[in-house]
Amino acid sequence: MNKTCWGVILAAGQGKRLSTATGGREKQFLRYQGAPLWWRSVLALSASPRIHGLALVFPPDKKTEAEAEMRSLKKANPPGVPLVAVSGGVRRQDSVRLGLAALPRDCAFVLIHDSARPFVSTALVSRLALALDDTDGGVIPGVAVSDTIKEVNASGAVARTPERSSLRAVQTPQAFPLELLRAAHARAEAEGWEVTDDASLMERCGHTVRVIEGDMENIKITHPQDLALLSEAKPALPCCGYGYDVHAYGGDRPLILGGVTIGGPFLVRAHSDGDVLLHALMDALLGCFGAGDIGRLFPDSDARFEGISSVILLDRVLSLAAEAGVRLVHADLTVIAQKPRLAPHAETIRRNVARLLDLPLDRVSFKATTEEHLGFTGELRGLKAVALVTALR
Ligand code: CTP
Ligand code: MG
């Protein structure tokens, strides 16, 4: 196709279905990647070598402002084709008609695009423009529907179930020979037709419109749930934290590990409850966001922490982690003790830690080992714990 082809980008709607979620802001003016949403369509369409210019249709009362923004965006990132701004109308079809009126005399084909579909690809634009060569009435993108569609009457009763394999959910851009589309819009005006897309207008005028494969990603931002697609949250980065703690035997605290009371003859020396496992775990968590250690957070010179349950301290550390945007995904914990034998308690400890961390059981590992009678654990002078946690930040 060597004839001139322009795009009309519709950005004159009110976005009523979204207005509560956007605080009244029309969706095409929401910010996305440092520019208003409609600019995305400018970039996608203008990048196709088959597009020779773009007409942008804005709400009449916002046109001056939008045009000023268009000028500065154009300066920073020239789209390489002329851009013209036009005032839209009350209904979508009015905006299309007004957009068509602004196209230059030598323009032979037009692609009508909803700026509410910001994820349109340049490849789709080129495919449509290319397919115009083989059609008389126009080309539109469509995707197979995954839901069974029912036609219902006013009272909600099913009137008909169309064969799903013959159905397509259609998108924009929709591509047409300009003069045919202009004539169709003139006829709609004269006869008072109401349509939701340009293809239906062409069909009504007796033209054959062909559907080519659209893109699943070419979604129309319509309902509040769709706004999540515009959120530009940075991907979470994985991080690890390591913790190590030791407690001596010969104190007055019964042995507690991972919040589980083990009891027995080995009493622990500690300011808090002396849960060496949770202490290592807390230090590992704090390590994920460089927040120091539990000695700094809960000093043993502070009477408030005298005999305190480490479960309470862990709760505090988990809140700090959440505030820092750290989401724990896995914990691997080991206690090193010659005595008592911990194997009988291992599963109880693992389950309890998983519960405290609010993690599924398969994301928490607990091991117990000895140091073969070597060192201070081997001499029954105390026990130690190490923790390695993985988190997303
Ligand atoms: N549109 C337009 N002029 C109108 C109505 C709609 O240019 N008078 C544009 C919208 O800006 C949008 C596209 O047509 O890019 C598709 O319309 P829709 O998704 O219905 O958007 P809105 O009409 O803005 O939203 P709503 O129907 O929820 O009010
Ligand atoms: Mg609408």
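This is a conversation about charged pairs, a surface patch and a pocket in a predicted model.

Modeller: In this predicted model, local features need pLDDT of at least 70 and side-chain atom pairs count only at pLDDT 80 or more, while totals for chains, interfaces and linings use all residues. Residues are numbered from 1 along each chain as its sequence is written, and side-chain values use heavy atoms, with hydrogens and water left out.

Biologist: Why is the contact between Asp302 and Arg304 called a salt bridge?

Modeller: A salt bridge is a side-chain nitrogen of Lys or Arg within 4 Å of a carboxyl oxygen of Asp or Glu. The closest N and O atoms of Asp302 and Arg304 are 2.7 Å apart, so the pair meets that rule. Side chains of opposite charge can pair when their charged atoms come close.

Biologist: What makes Asp302 buried?

Modeller: Buried means under 20% relative accessible area, exposed means over 50%, and partly exposed lies in between, with a 1.4 Å probe and protein chains only. Asp302 has a relative accessible area of 18%, and is therefore buried, whereas its partner Arg304, with 63%, is exposed.

Biologist: How do you know that Asp252 and Arg253 form a salt bridge, and is each of the two buried or exposed?

Modeller: Their closest N and O atoms are 3.9 Å apart, which is within the limit, so the pair counts. Asp252 is exposed because its relative accessibility is 57%, while Arg253 is buried because its value is 16%.

Biologist: How many salt bridges does this rule give, and which residues are linked in a network?

Modeller: The count comes to 24 salt bridges, and Arg91, Asp94, Arg97, Glu189 and Glu194 are linked in a network of them.

Biologist: What makes Leu388 eligible for a nonpolar patch on the surface?

Modeller: Patch residues have over 30% relative accessible area and no salt bridge, with like charges joined within 9 Å and nonpolar side chains (Val, Leu, Ile, Met, Phe, Trp, Tyr) within 5 Å. Leu388 has a relative accessible area of 40%, so this residue passes the area limit and is called partly exposed. Leu388 forms the patch with Tyr242, Tyr244 and Val246, with about 390 Å² of accessible area together.

Biologist: Which residues lie nearest the centre of the largest pocket, and how many residues line it?

Modeller: The largest pocket is lined by 31 residues, and Gly13, Arg17, Lys27, Arg92 and Lys220 lie nearest its centre. By class, this lining has 8 nonpolar, 13 polar and 10 charged residues.

Notes:
Chains are lettered from A and ligands numbered from 1 in the order in which they are written. On a 1 Å grid over the protein atoms alone, a cavity is a set of points where a 1.4 Å probe fits but cannot get out, and a pocket is an open set with protein on both sides within 12 Å along at least five of seven lines; lining residues have an atom within 4 Å of a point. Ala, Val, Leu, Ile, Met, Phe, Trp, Tyr, Cys and Pro count as nonpolar, Asp, Glu, Lys and Arg as charged, and the others, Gly among them, as polar. Accessible areas come from the Shrake-Rupley method with a 1.4 Å probe; for residues, only the protein chains shown count as cover.
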